[in-house]
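Thanks for sending this one over. Here are some notes to read alongside the model.

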Amino acid sequence: MTIPYLKMDGIAKSFPGVQALKNVTFEASQGEILALVGANGAGKSTLMNVLGGNIEPNSGKIYINGKEVRISSPSDAAANGIAFVHQEMAMLPTMSIADTMYISSFPYKHGLIDYKTIYQRCRVVLKRLGCNFDPRERIRNISPGDQQMVEIGRALLHDPQIIIFDEPTSSLTSREKEHLFEVIRTLKQEGSVIIYISHFLDEVFSLCDRVMVLRNGETAGGGLVSEYTNRDIVKMMIGEKEIDTYYERSEHRAGEEIMRVKGIYRSGVINDISFSLRKGEVVGLWGQLGSGRTEVARALVGLDPIDGGTISIKMGDQMMPVKQSETKKYIGMITENRREEGLLLPMSVCNNMSLANLTNLTKKKPFSSVIDSKLENSETDKYVKRMDIKISSQAQRVETLSGGNQQKVIIGRWLQKNPPIYIMDEPTRGLDVGAKADIRRIISDLAEQGAGILVISSEIEEIMSVSDRYLVMKRGSIVAEFGSNASKEDLVATATGAASKKE
Ligand SMILES: Nc1ncnc2c1ncn2[C@@H]1O[C@H](COP(=O)(O)OP(=O)(O)OP(=O)(O)O)[C@@H](O)[C@H]1O
Ligand SMILES: [Mg+2]
């Protein structure tokens, strides 16, 4: 038998209150793409952080090419040819692309940073990824998809043998995604070991050769992708938990108008956006990445300025115009970008969950501004249970939760506040299949209780399974509206422009 190029043997890691990995053994060979899958909190990122030298395991050994290696820092990992494309990019918006890519490894010449070499090398690597950016461009001036490409470029700088991708596609357009897959396939042909973490099983089936499933920090199974069905893998991930409701459509009964948006615009970003939202209704805002969906959402809650237009919200029995800076009081915004806009990472789960609801949690004495911590804890507990958030205690810092569980904290926060209107921008990004189904059920429940909900999602099945109506965006405008009987083709064709060619 040939020895695998990479072997992790008996890896265990515990954090205060949680055994994240229990005796995990993991192997991967050159020239293969190995999918690493598992529910939120299963231990995928932790296992790869051990390999990448970011986390020291409590026990276990790592072998490369049959030889035991010590990896106790990211530079040890790099020296062993291991590169990591992280789940959540931590980039400074004001830094240049070149500095971001080289931050941990600036080359020097005559005592000075050798920018000539840096720029040259950046251009070569980025070109390989199909990007023609100027390496001197600032990070803040490029799209999230392009930022992700920079992160991948950084990983490829030193020609690694083992490349770990932790959910790399969540901020990519379908074109960028196809391109990334091509790059990954080329790397595989060149003999690299590719480890690919994803919650998108269709990606696993189209891209990967083998799959390994983690469940609660243990190996739950694995083998050749071609020998499994989607269902087999989901079962290994979450057990026998019912998954049939995953794509079931739910319908809601829409009531009276609750929000009316009239002609809001921002020069060069969104044009003449008008629509209305009713109680008990879920409206899907559909469009390609970059079509302006997120920009509309951000404008509605005052995160980005608008140049004109009005937003009215139902108060009592009247529609009242509301200043952009005030809409937050009535709208719960669940964002796709949890690092930037959602969470206070160094703070506890409890503090993060009560953030939107502080006025209701203060002691009911006149002029009191003291938080009733018993109430705060019991409310947090309620939503931790309802959302099945995996935490070791309410005091756990949010930055130490798994990616999917961080997303659940944001959703739990708004459920606690219970606003009349919700805007959800990619609410299930990074969630496992079971959790996605849970969120869809929660959206349905909220609608049934009378909330008006605007949902943005890049997953067509997801948006179709919750929406009663669709607004389709293209180049900053709403270009079409469909009822619940819209087909997938209707939505895709209108958003991509294929339909207008036919006309
Ligand atoms: N620094 C830390 N301190 C405390 N607990 C941690 C820390 N890092 C991870 N954990 C815990 O370890 C467990 C595994 O987390 P991990 O991030 O590996 O999950 P994951 O499989 O990557 O999940 P996801 O799909 O949600 O990203 C979780 O319960 C998480 O809260
Ligand atoms: Mg993770």
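1. Domain bounds here come from an automatic or database domain assignment. That assignment gives domain 1 (6–244), domain 2 (252–330 + 419–503) and domain 3 (340–418).

2. Please keep in mind that this is a predicted model, in which local features need pLDDT of at least 70, side-chain atom pairs count only at pLDDT 80 or more, and totals for chains, interfaces and linings use all residues. Residues are numbered from 1 along each chain as its sequence is written, chains are lettered from A and ligands numbered from 1 in written order, and side-chain values use heavy atoms, leaving out hydrogens and water.

3. How far apart are the C-alpha centres of domain 1 and domain 2? They lie 33 Å apart. Counting contact as heavy atoms within 4.5 Å, 15 residues from domain 1 and eleven residues from domain 2 take part.

4. The size of an interface is often given as the accessible area lost when the parts come together. Between domain 1 and domain 2 about 1000 Å² is buried, with carbon and sulfur atoms giving 55% (area accessible to a 1.4 Å probe that the two parts lose on being put together, summed over both).

5. I find zero salt bridges between domain 1 and domain 2 (a side-chain nitrogen of Lys or Arg within 4 Å of a carboxyl oxygen of Asp or Glu). There are, however, three residue pairs in polar contact, both residues at pLDDT 80 or more (N or O atoms within 3.5 Å, one able to donate a hydrogen and the other to accept it within protein; residues adjacent in sequence count only if both atoms are side-chain atoms).

6. Now the ligand. An oxygen atom of ligand 1 is 3.0 Å from a side-chain N or O atom of Asn40. Backbone N or O atoms of Thr400 and Gly403 lie 3.0 Å and 3.3 Å from an oxygen atom of ligand 1, respectively.
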